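Here are my notes on the fold, in numbered points. Please read them with the structure open.

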Amino acid sequence: MVKLTKSDGARAPASIARHLTLEIVRVTERGAIAAAGWRGKGDERAADAAAVEAMSHELSRIDIRGRVVIGEGERDEVKALYIGEEVGSGTGLEVDIAVDPLEGVTLCAKNQPDSICVLVLAERGGLLNVSRNLYMNKIAIGPGYPEDIVHIDASAEENVNALAKAKGVPLSEITACVLDRPRHTSLIEELRRCGVSVKLISDGDIAGVIHAAQTDETGIDIYLGSGGAPEGVLAAAALRCIGGQMQGKLILDTPEKRARAARTGITKPDTIYSITDLAAGDVLFAATGITDGSMMSGVRLRRNNVDTSTIVMRSWSQTVRWVNARHAR
């Protein structure tokens, strides 16, 4: 199944070779298959480690000169896919890589929906470099609305009212997606007081942001709340490909967090990042389902083969493909 949509107007030449689209699909497929062996077994570390090892091995086979800018952690914290690691065969295009080998690690451990394996490949310098231990306030909506119809510094009530007005519907027909966390208690209460329906997710805010940009399929109109900063960059990369608006603001409320951000070149704590600040230039995004979800089916482990379902997207062409593959065991 292939969906082709192209932006109007002239575009700069593509910076990333088209064949790399399928190459990154192979990486997320392998990561998802490895993690799927740990579904429902309650061992988050083992599932994540399996995905990391598989993705790292597959990345080494691609003819790129890749640099991990968003990975599993700092160099002294993890063995593979650490920030700054050089990946690929060492030949070909210089690119930046962002990975989340197991988005929704708890979802995988509990065999619950929407655990995915994610990789983003971008032009060198195209991705905001943020630490895995930092959090970000995020707001995202789908395409087709005036610019700045919502704003991260506005209240939740102001944002959903503006969105309902732009959409031409009452607030009761707006659905907001929010991570189910104690820190979001007041946000959830505010949304419900407005009459907005709240879709709570236990994990997986990359998928949550993407769902807000696919309202016709998901029924979700807006994503609100805080989550991992790296996941914000990965989600922004996806929105660059499918359309939508997003803003992010890092939560740098302690000296340690500000110091960690400064090590990656971030020195202004109050910066509001637009979607292109988070992910710029030519961007490829791939995600393979580990457990069944609203975007993709999960890995099917059969006697003689394995089935995978992947979504892969490109910002330059605005192309979205669903790749269903069968792998021999």
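1. Start with strand β2, residues 64-70. In this predicted model, β2 pairs with strand β4 (residues 93-103) in the parallel sense, over six bridges. One position to check is I64, which stands opposite L93 in β4.

2. β2 has another pairing, with strand β3 (residues 86-87). Here the sense is antiparallel, over two bridges. G66 of this pairing stands opposite V87 in β3. Is β2 mostly covered or left open? Mostly covered: five of its seven residues are buried.

3. Next, strand β12, residues 283-289. Seven of its seven residues are buried. In a regular strand the side chains alternate between the two faces of the sheet. For β12, both faces are covered. V283, F285, A287 and G289 are buried on one side. L284, A286 and T288 are buried on the other.

4. Which strands pair with β12? Strand β5 (residues 116-123) is joined to β12 by seven bridges, and the two run antiparallel. C117 stands opposite T288 in β12. Strand β14 (residues 305-314) also pairs with β12 in the antiparallel sense, over five bridges. There, L284 stands opposite R314 of β14. Both L284 and T288 are among the buried residues of β12.

5. Now the six-stranded sheet. It is open, and its order is β8-β7-β9-β6-β10-β11. The pairing is mixed. β8 (197-201) and β11 (273-274) are the edge strands. Each has a single partner strand, so one side of each is left without a neighbour in the sheet.

6. Within that order, β9 and β6 are adjacent. Strand β6 covers residues 135-141 and strand β9 covers residues 222-228. They pair in the antiparallel sense over seven bridges. Y135 stands opposite G228 in β9.

7. Which helix lies across β6, β9 and β10? Helix α8 (residues 229-242) does, and β10 spans 245-251. α8 runs at about 25° to β6.

8. A229 is a useful residue to inspect in α8. A229 is buried, with a relative accessible area of 0%. Leaving aside neighbours within four places in sequence, A229 is in contact with V130, S131, L134, Y135, M136 and L250. Y135 appears again here, as the residue opposite G228. For a long-range distance, take A229 and K79: they are 150 residues apart along the chain, and their C-alpha atoms are separated by 21 Å.

9. Two packed helices are described by the angle between their axes and the distance between the axes. Helix α6 (residues 205-212) packs with α8 at an angle of about 30°, with the axes 9 Å apart. The cut-off for roughly parallel is under 35 degrees, so α6 is roughly parallel to α8. The crossing is right-handed. From α6, the contact takes D205, I206, V209 and I210. From α8, it takes E231, L234, A235, A238, L239 and I242. By class, the contact of α6 with α8 has eight nonpolar, no polar and two charged residues.

10. Take helix α4 (residues 156-167) and helix α5 (residues 185-193) as another pair. Their axes come within 9 Å and cross at roughly 40°. α4 and α5 are therefore oblique to each other. This crossing is right-handed. The α4 side of the contact is A156, E157 and V160; the α5 side is L187, E190 and L191. By class, the contact of α4 with α5 has four nonpolar, no polar and two charged residues.

11. Finally, E157 of α4. Is E157 buried or partly exposed? Partly exposed, with a relative accessible area of 40%. E157 touches E190 and C194, not counting residues up to four places away in sequence. The C-alpha atoms of E157 and L187 are separated by 9.3 Å, with their positions 30 residues apart along the chain. E157, E190 and L187 all take part in the contact of α4 with α5.

Technical notes. Residues numbered from 1 in each chain as written. Predicted model: local features only at pLDDT ≥ 70, side-chain atom pairs only at ≥ 80, totals over all residues. Heavy atoms only, no water. Axes fitted to C-alpha atoms, helices over the stretch in contact; angles between N-to-C directions. Helix = DSSP H or I, 4+ residues; strand = E, 2+ residues; numbered from the N terminus. Parallel < 35°, antiparallel > 145°, perpendicular 65-115°, else oblique. Left-handed = near helix turned anticlockwise from the far one by under 90°. Contact = heavy atoms within 4.5 Å. Nonpolar A, V, L, I, M, F, W, Y, C, P; charged D, E, K, R; others polar. Buried < 20%, exposed > 50% of the residue type's maximum accessible area, 1.4 Å probe, protein only. Pairing = 2+ DSSP bridges.
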